[in-house]
Every structure is written in C-alpha cells, then in structure tokens.
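Colleague: Could you take me through this structure step by step, and explain each term when it first comes up?

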Amino acid sequence: MTASLLKGEKIVASSSPVSGSWLKLVLDETLEREQPLWNPPQRYFRGSDAGNLCPRSMSMKALGHSVPVPARVKRIFETGNAIEAVNVKAASRAKLLVEGSQQRDASYGGTLRIIRNLISDLPIAQERDIRQHFAKHDTVLDVWFAGKGKASEPRTKFIVFEHDIPQRWWKYFEFSGLRFKPDEESDDPPIFGHIDLIVISPEDGVEYLCDVKSIRQEMYRNLPPEHGVMLAGESPLMKRHRKYIEQLNGYMFSPTIDLEVGCLLFEAKNDQYQKEYWLRRDPKMQAEMLARHRVAAPYIQMTPQEVAPIPEERNPERGDEICVACNQRYICRRLSAEGCDYDEMRATDKELRG
Ligand code: SF4
C-alpha cells in the first residue's frame, strides 16, 4: 500500500509545474546570478593574483573583468572558505592563533579604507563648504573619478575616505563602501590581499604566516611529500602550485605582515587529511612579482584607467601556454595590442558576452 502510494505520488509530482528539480535549479540560479560579468573598477591588484605572469591580464582584472563560474564551482569555493574557517577556529582553541590576525591585510602601496557618501539635502552653503574643502585633496578626487573612470557631474554622488573627514562633518556622511587609498610615500605598486591567519609556535614563540588551501582529492594525492622550511622558489610545490607559493611569498614580504617563514596547509576536500609545507620567503621571486606589478600599475592608476599592452613575451594568437590558460584571452585578442581605455574594453566585451 505504501509502495503504491509512493508510486502514485511520484507520478503526480513529476506532472506538477511546481515539482521536479526546482530546488536544485533555484539554488544554482542564485549562485550564478550573484556573479556579475563586471565588478567595479579598482585601483589596486589582488594579492591572491600575485602569481599572474601577465601585466595585461592583471590590468583587466583590476578594471573589473570577471568570469562567472558554474554554481557547482561556486559551491566548491564556498566550501573552501568553510574549511579555512574551521582551521582558524581550531587554531584559536589550540592557542596557536595570533588573535585578530585573520583580520589583518597584506598590502603594498596603500590601504583599503572606508569611504563615505555625502548625504543629500544639506543646506546649499553647507554642502558647498564641504565640496570646496575636499576639492583640495588629490586622493579624494581620485576616488571621485573612480567607477567609470570619468569625473562625475557636480552635485552627483560625492564620496570621500572616512579618514579624511574632519570630525565636525561626520554626521553629514553615510557608509558607502571600501576603496584602496594609495600611500604617496610608498614606491610599491598597489596590491591588497587578505591573509588567512598567523600562528605562533609553542616551541619557540615565533610567529608564522599560514595559508589554508582546500583541494580536490586527486590533486591532494599528487602533492609532493611534506617538507620543513625551504626557500619558496625551491619547493617541489612550484611545479603544480606556483601561484599559491607566489601569493604566500607576497604576503610574507608585505610591509603590513613582514614574516620570514610561512606555511601552506593543504586539506583534501573529501576526507579532510592535511599536509603542511614550510616556506622561507624568497627575495628573487618577490622582486619578479613586484616588477610585473610595476609594469601594470600605471594603467590602473591613470584617469581614465586603461588596459595594459600585450607584453612582448606573450602571444594570445598562438600556442603560448600562459595565454591559452588565460580567462581574458577571448577579449585580449580583440583589443588593440597597444592597450585601450576602459570604455573601449567594456564596449568590446558587450559585443562578445552581452
Ligand atoms: S591572453 Fe595572454 S597576453 Fe592576453 S591577457 Fe591573457 S596572458 Fe596576457
């Protein structure tokens, strides 16, 4: 009786317009809809992309180019975040965590700052005073130009770093977002990244940077044997996981972190086994990473922002393996090899991706 009822229910369910695979469909659609083709342009590079070998690709990413991934891959990323959180909590309970370190940023050439938006409906004289005050600040104008890479019309949205707002005017501003503020004293290219955690050794009291990487079971099985401290560029991980090493190396050298040794902690996604690899920061790798960013930096800092030229050593038309693996190749090939401005890149992409 039960079996036939269930059988009957199944037939009814499959013919109903609100039944079937709606659950998976809605979940997938939500995860995919949340990923835009373009993010707001930024004036910094992401620390997680430190291993990118192409300044042109770096400039396009900073300008907001994004490649959405299927919902399944998005779930993999979010599971990775959850695995990282579990390890941070465990490190805290084990008293290995340098408390608050998971909120620290690795940055070069500036910092991410809170920006605030001038609220409307102020008395005209009051608003004029505020605008005139901030018109003297080059860095603020820089933010004002950010977004579409153009100066905004008078009386449109006016945003300013919280840090620059005199206390007497705080009440006239509302939270608007976060932006990178260049440090005029620094020669470093603008790079910004989030570290996972810093741990302190119970043996010698030394602090170490730690980056948690969750990876597929097959890749986990192919990891080389764990190793103790060795120069980052000499690790056997360089063969398959160079980008992770360059990221960690960049974080270890960043003026806001500045730690000599770090650990890449890999965790397998299916059975949660772990392997650890200890790395000493590598000055040669660092110099090359900064050199690539210095090539790309002027293009994302100018107004309007631009796409960098194709580097001499790259060829997106023929079998250059870095270009073949590049997410921007489809558009890179159609833009001028000498570079172009933000509007041209967006217009070309609209023809290609809609
Ligand atoms: S396709 Fe090649 S040249 Fe173009 S952005 Fe990508 S890596 Fe750079």
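Modeller: Let us begin with a term: two residues are in contact if their C-beta atoms, placed from the backbone, lie within 7 Å. This is a predicted model, in which local features need pLDDT of at least 70 and side-chain atom pairs count only at pLDDT 80 or more, while totals for chains, interfaces and linings use all residues. Residues are numbered from 1 along each chain as its sequence is written.

Colleague: Which residues does Leu-248 touch, not counting residues up to four places away in sequence?

Modeller: Residues up to four places away in sequence are left out of this list. With that limit, Leu-248 touches Leu-209, Asp-211, Gly-262, Leu-264 and Leu-279.

Colleague: Which element gives the most to the largest nonpolar core?

Modeller: A nonpolar core is a set of buried Ala, Val, Leu, Ile, Met, Phe, Trp, Tyr and Cys residues joined through C-beta atoms within 7 Å, where buried means that 20 or more other C-beta atoms lie within 10 Å of a residue's own, exposed that 12 or fewer do, and partly exposed in between, with C-beta atoms placed from the backbone. The largest such core has 31 residues, and Leu-248 and Leu-264 are among those with the most contacts inside it. Helices (H or I, at least four residues) and strands (E, at least two) are DSSP runs, numbered from the N terminus, and the element that gives the most to this core, with six residues, is α8.

Colleague: Is Pro-70 buried or exposed?

Modeller: Pro-70 lies in the loop between α3 and α4, and its C-alpha is 8.1 Å from that of Leu-31, although the two are 39 residues apart in sequence. Because Pro-70 has 12 C-beta neighbours inside 10 Å, it counts as exposed.

Colleague: In which sense do β7 and β8 pair?

Modeller: Two strands pair if DSSP finds at least two bridges between them. Strand β7 covers residues 197–200 and strand β8 residues 207–215, and they are joined over four bridges, with Ile-200 having Glu-207 in β8 as its bridge partner. The sense of this pairing is antiparallel.

Colleague: Which strands are the edge strands of the open sheet β1-β6-β2?

Modeller: Three strands form this open sheet, and the pairing is mixed. β2 and β6 pair in the antiparallel sense over four bridges, and Asp-105 stands opposite His-194 in β6. Each edge strand pairs on one side only, and these strands are β1 and β2.
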